Structures are given as structure tokens and as C-alpha cells.
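Trainee: I am new to this one. Could we go through it together, starting from the inside?

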Amino acid sequence: QVQLVESGGGLVQAGGSLRLSCAASGRTFSTYAMGWFRQAPGKGREFVAAISWSSGNTYYADSVKGRFTISRDNAKNTVYLQMNSLKPEDTAVYYCAADNLSAHRASIATQWNYDYWGQGTQVTVSS
């Protein structure tokens, strides 16, 4: 069982930065792949970024590539999403997710493969 708590969301102007954190409980965090997903008002939840358990593999949605960076600190049971050059279209509720998945993109970039989810944190980017 893994419990996830996101933090770091807020209101920022376009071009600004935020760093989201996702703190996990449970001894198996270091063996779990982690993903960030987001849901904008009136839209479905979409993939943002994911990282394998060893940090050897990272994947990004095309819409955030070059602007967002996912990382993890297994000693702190925490995964991060550094978001730079934010745009109004990045406005959404951001969720982290965890599960024991393979490092292949098809596996860890697919939200349906994750069993454990946080409650979400709101990110609002003003123009």
C-alpha cells in the first residue's frame, strides 16, 4: 500500500516556475515507477511525465518536453516535477501516481496502469 500527497501547486504568471512535490509513504517507494498526470477543466486526465524506479528512464508529453523535469529522491520517498516557462494551457489539477511498473514508456505513461494516486494539487497559470 502506498499513500501519496502532492504539494507545491499555486497561482503563477505565464513564464514563471513551480516545483511540485509528491511525498509517498510505504517501504516499496524505491521500487515503484512514478508518474505525473493532469486534468484541466472540462478535459480528461492526461499524461505529463513519468520516471522509472531507478531514475534511469524518464518520459514526457510533447506539450511539456523541454520545460518540465521529473526527478525523484528515493531516500526521501519523494518525486518532483519542476515546471518552467509555464503557459496558461498548463493550468490543471496535477496528480502523482505510483505503481510497480516496467520502465517502458507504454507502461509508465499510461494512467490506467497505476493503482495509487494522490489527491491532486491545483496549478493555475495566468496570462
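Mentor: Happy to; we will talk about the core and then the aromatic rings, keeping in mind that this is a predicted model.

Trainee: How many residues does the largest nonpolar core have?
Mentor: Eight strands give two or more residues each to this core, among them strand E4 (33-39) and strand E8 (78-83). Leu 4, Trp 36, Leu 81, Met 83 and Tyr 94 have the most contacts inside it. The core's residue count is 40.

Trainee: Which aromatic residue of strand E9 (92-99) does Leu 81 touch?
Mentor: Leaving aside residues up to four places away in sequence, Leu 81 touches Trp 36, Val 48 and Phe 68, among others. Strand E9 covers 92-99, and the aromatic contact of Leu 81 in that range is Tyr 94.

Trainee: How are the rings of Phe 37 and Phe 47 arranged?
Mentor: Their centres are 5.8 Å apart, with the planes at 65°. An angle over 60 degrees is the cut-off that matters here, so the pair is edge-to-face.

Trainee: Is Trp 117 buried or partly exposed?
Mentor: Its ring pairs with that of Tyr 114, with centres 6.1 Å apart. Tyr 114 is buried at 4% relative accessible area. Buried needs a value under 20%, and Trp 117 has 24%, so Trp 117 counts as partly exposed.

Trainee: Which ring does the charged end of Arg 72 sit over?
Mentor: Arg 45 offers another case, lying over the face of Tyr 95 at 5.5 Å from the ring centre. For Arg 72, the distance to the ring centre is 4.6 Å, and the ring belongs to Phe 29.

Terms used: Residues are numbered from 1 along each chain as its sequence is written. This is a predicted model: local features need pLDDT of at least 70, side-chain atom pairs count only at pLDDT 80 or more; totals for chains, interfaces and linings use all residues. Side-chain values use heavy atoms; hydrogens and water are left out. A nonpolar core is a set of buried Ala, Val, Leu, Ile, Met, Phe, Trp, Tyr and Cys residues joined through side-chain atoms within 4.5 Å. Buried means under 20% relative accessible area, exposed over 50%, partly exposed in between (1.4 Å probe, protein chains only). Helices (H or I, at least four residues) and strands (E, at least two) are DSSP runs, numbered from the N terminus. Contact means heavy atoms within 4.5 Å. Rings of Phe, Tyr and Trp (its six-membered ring) pair if their centres lie within 6.5 Å; planes under 30 degrees apart count as stacked, over 60 as edge-to-face and the rest as tilted. A charge sits over a ring if NZ of Lys or CZ of Arg is within 6 Å of the ring centre and within 35 degrees of the ring normal.
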